[in-house]
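Here is a walk through one protein model. Keep the sequence and the 3D view side by side as you read.

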Amino acid sequence: MVLTLGLAPLSARAETPIFSAHDGLALDGYDVVAFFEGQGAVLGRQEFALMWKGVFWRFSSSGHQAQFEANPRAYAPVFGGYCAYAVSQGYLAHGDPSLWRIEDGELLLLNNPAVEAVWQQEKPELLQAAHDNWPAVLRH
């Protein structure tokens with residue numbers, strides 16, 4: 001009797017998640033709705049959390065959680081919460097929730113202060129390049 005095991009080749013890799021997450025938390029646990037409410041980067045609380053698109057989202061209140069549940073795409077960060085500048089250049093880097101912008105109604109994150117300065121100077125071109133590269137950059 002011969003037993004054959006179906007093993008995936010070593011080159012097989014899991015797909016890059018559409019949302020950047022550390023320890024399974026989107027936006028490092030920050031309340032995504034708070035950005036749109038003018039509150040900025042506010043940490044969410046464990047008791048106000050839900051899973052959407054394979055990651056946990058935390059909120060600072062039950063009201064923010066309900067707003068997100070009603071229309072998550074309106075609040076979820078564009079480019080999956082990855083750094084918008086990195087996406088514009090064709091690669092992925094974790095977005096820093098303390099370096100955020102709302103551009104044309106979309107929340108985007110940047111990675112560091114140097115990138116933030118470049119983003120401010122070249123925003124229209126970089127934003128267009130990021131949109132052109134998304135979501136194909138997830139496959140690189």
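What percentage of the 140 residues in the protein do buried residues make up? The figure is 39%. Bear in mind that this is a predicted model.

Start with confidence. The protein averages a pLDDT of 90, and 89% of the residues score at least 70. Over residues 1-13, however, the pLDDT is below 50. Beyond near neighbours in sequence, that stretch has one contact in the model. Where pLDDT is low, the predicted coordinates should not be read in detail.

Now the overall plan. The secondary structure comes to five helices and six strands. From the N terminus on, the elements run β-β-α-β-β-α-α-α-β-β-α. How do contacts spread along the chain? Among contacts between residues at least 6 apart in sequence, 55% join residues at least 24 apart.

Next, go inside. The largest nonpolar core has 20 residues. Which of them touch the most other members? They are Phe79, Leu110 and Trp119. Helix H4 (84-88), strand S6 (106-110) and helix H5 (113-133) each supply at least two residues of this core. H5 gives the most, with five residues. Apart from this core lies another, of 17 residues. Leu50, Trp52, Phe59 and Ala76 are among its members.

Stay with Leu110 for a moment. Setting aside residues up to four places away in sequence, Leu110 touches Cys83, Ala84, Tyr85, His94, Gly95, Asp96, Leu99, Val115, Glu116 and Trp119. Two of these names lead onward: Glu116 and His94.

Take Glu116 first. Glu116 lies in helix H5. Is this residue buried or exposed? Glu116 is buried, because its relative accessible area is 19% and the cut-off for buried is under 20%. With neighbours within four places in sequence left aside, Glu116 is in contact with Leu99, Arg101 and Leu110.

His94 points to a different feature, the largest cavity, which His94 helps to line. The count comes to one cavity of 30 Å³ or more. About 30 Å³ of space lies in the largest cavity. Its lining is made up of Ser20, Leu27, Gly80, Gly81, His94, Gly95 and Leu109. By class, that lining has two nonpolar, five polar and no charged residues. Gly95, too, is both a lining residue and a contact of Leu110.

Now turn to Gln65, in helix H2 (residues 62-70). Gln65 counts as buried because its relative accessibility is 15%, and buried means under 20%. What does Gln65 touch beyond its neighbours within four places in sequence? Its contacts are Glu47, Phe48, Ala49, Leu50 and Phe59. Of these contacts, Leu50 and Phe59 belong to the core of 17 residues.

Finish with Lys53. Lys53 sits in the loop between strand S3 (45-52) and strand S4 (55-59). At 46% relative accessibility, Lys53 counts as partly exposed, because that value falls between the 20% and 50% cut-offs. Leaving aside neighbours within four places in sequence, Lys53 is in contact with Phe19 and Arg73. Pro72 is 19 residues from Lys53 along the chain, and their C-alpha atoms are separated by 9.9 Å.

Conventions:
Residues are numbered from 1 along each chain as its sequence is written. This is a predicted model: local features need pLDDT of at least 70, side-chain atom pairs count only at pLDDT 80 or more; totals for chains, interfaces and linings use all residues. Side-chain values use heavy atoms; hydrogens and water are left out. A nonpolar core is a set of buried Ala, Val, Leu, Ile, Met, Phe, Trp, Tyr and Cys residues joined through side-chain atoms within 4.5 Å. Buried means under 20% relative accessible area, exposed over 50%, partly exposed in between (1.4 Å probe, protein chains only). Helices (H or I, at least four residues) and strands (E, at least two) are DSSP runs, numbered from the N terminus. Contact means heavy atoms within 4.5 Å. pLDDT is the predictor's confidence in each residue, from 0 to 100. On a 1 Å grid over the protein atoms alone, a cavity is a set of points where a 1.4 Å probe fits but cannot get out, and a pocket is an open set with protein on both sides within 12 Å along at least five of seven lines; lining residues have an atom within 4 Å of a point. Grid points are joined across faces, edges and corners, and a volume is the space filled by probe spheres set on the points. Ala, Val, Leu, Ile, Met, Phe, Trp, Tyr, Cys and Pro count as nonpolar, Asp, Glu, Lys and Arg as charged, and the others, Gly among them, as polar.
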